[in-house]
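Let's take a walk through a protein fold, going from one strand out to the sheet and then to the helices packed around it. Have the sequence and the 3D view ready.

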Amino acid sequence: DGPDELQSALDEAAASGRPVMLDFYADWCVECVRYERTTFQNPEVHEALAGRDVLLLQADVTEQTAADKALQGRFNIIGPPAIMFFDEEGEEVKSARIAGYKGAEAFVAHVRAVYGE
């Protein structure tokens, strides 16, 4: 998916008042794979996100195509893992951006800090 598809998804979420978590992922990114196998498998993480009706989007930048690089550039992402959070109006909560790995407990605490209890 390129920047246009992603923007459409973000716009739709904002139109329906849903917050968004955007995960920049790549197969060759060790910490991304670690997120997939641990943090994102944790029931408490699922509950924290589902309880706030967060739309989960993933930008797979494994291939590092021109579109991938443009998408990373647009969001000022050096490389994965990078996780961004958007509020109900579709604005990024810049202070909430994650670069690097967080375990399940820290991730749940982070989600609660971003979106409230």
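## Starting with strand E1

In this predicted model, strand E1 covers residues 20-25 and is mostly covered, with 6 of its 6 residues buried. Its side chains split into two groups: Val20, Leu22 and Phe24 point one way, while Met21, Asp23 and Tyr25 point the other way. Whichever way they point, all of them are buried.

## Who sits next to E1?

Strands of a sheet pair through backbone hydrogen bonds, and they can do that either parallel or antiparallel. Which way does E1 run relative to E2? E1 and E2 (residues 55-60) run parallel, and 6 bridges join them. With strand E3 (residues 82-86), E1 has 5 bridges, and this pair runs antiparallel.

Aspartate 23 is a handy spot to look at both neighbours. Opposite aspartate 23 in E2 you'll find glutamine 58, and opposite aspartate 23 in E3 there is isoleucine 83.

## The whole sheet

Now zoom out. What is the order of the strands in the sheet? It goes E2-E1-E3-E4, making an open sheet of 4 strands with mixed pairing. The edge strands are E2 and E4 (98-99), and each of these pairs on one side only.

E4 is joined to E3 by 2 bridges, and these two strands run antiparallel. For a residue to check here, try alanine 82: its bridge partner in E4 is alanine 99.

## Helices against the sheet

Helix H1 (residues 3-15) packs on the sheet and touches E1, E2 and E3. The direction of H1 makes about 170 degrees with that of E2. Helix H5 (residues 104-115) lies across E1, E3 and E4, and H5 runs at about 30 degrees to E3.

## Where two helices meet

H1 also has a helix partner, H4 (residues 66-74). How do the two cross? Their axes come within 9 Å and cross at roughly 45 degrees, so H1 and H4 count as oblique to each other.

To see the contact itself, pick out Pro3, Leu6 and Gln7 in H1, which meet Ala67, Leu71 and Arg74 in H4. Sorted by class, this contact between H1 and H4 has 4 nonpolar residues, 1 polar and 1 charged.

Notes: Residues numbered from 1 in each chain as written. Predicted model: local features only at pLDDT ≥ 70, side-chain atom pairs only at ≥ 80, totals over all residues. Heavy atoms only, no water. Buried < 20%, exposed > 50% of the residue type's maximum accessible area, 1.4 Å probe, protein only. Pairing = 2+ DSSP bridges. Contact = heavy atoms within 4.5 Å. Axes fitted to C-alpha atoms, helices over the stretch in contact; angles between N-to-C directions. Parallel < 35°, antiparallel > 145°, perpendicular 65-115°, else oblique. Nonpolar A, V, L, I, M, F, W, Y, C, P; charged D, E, K, R; others polar.
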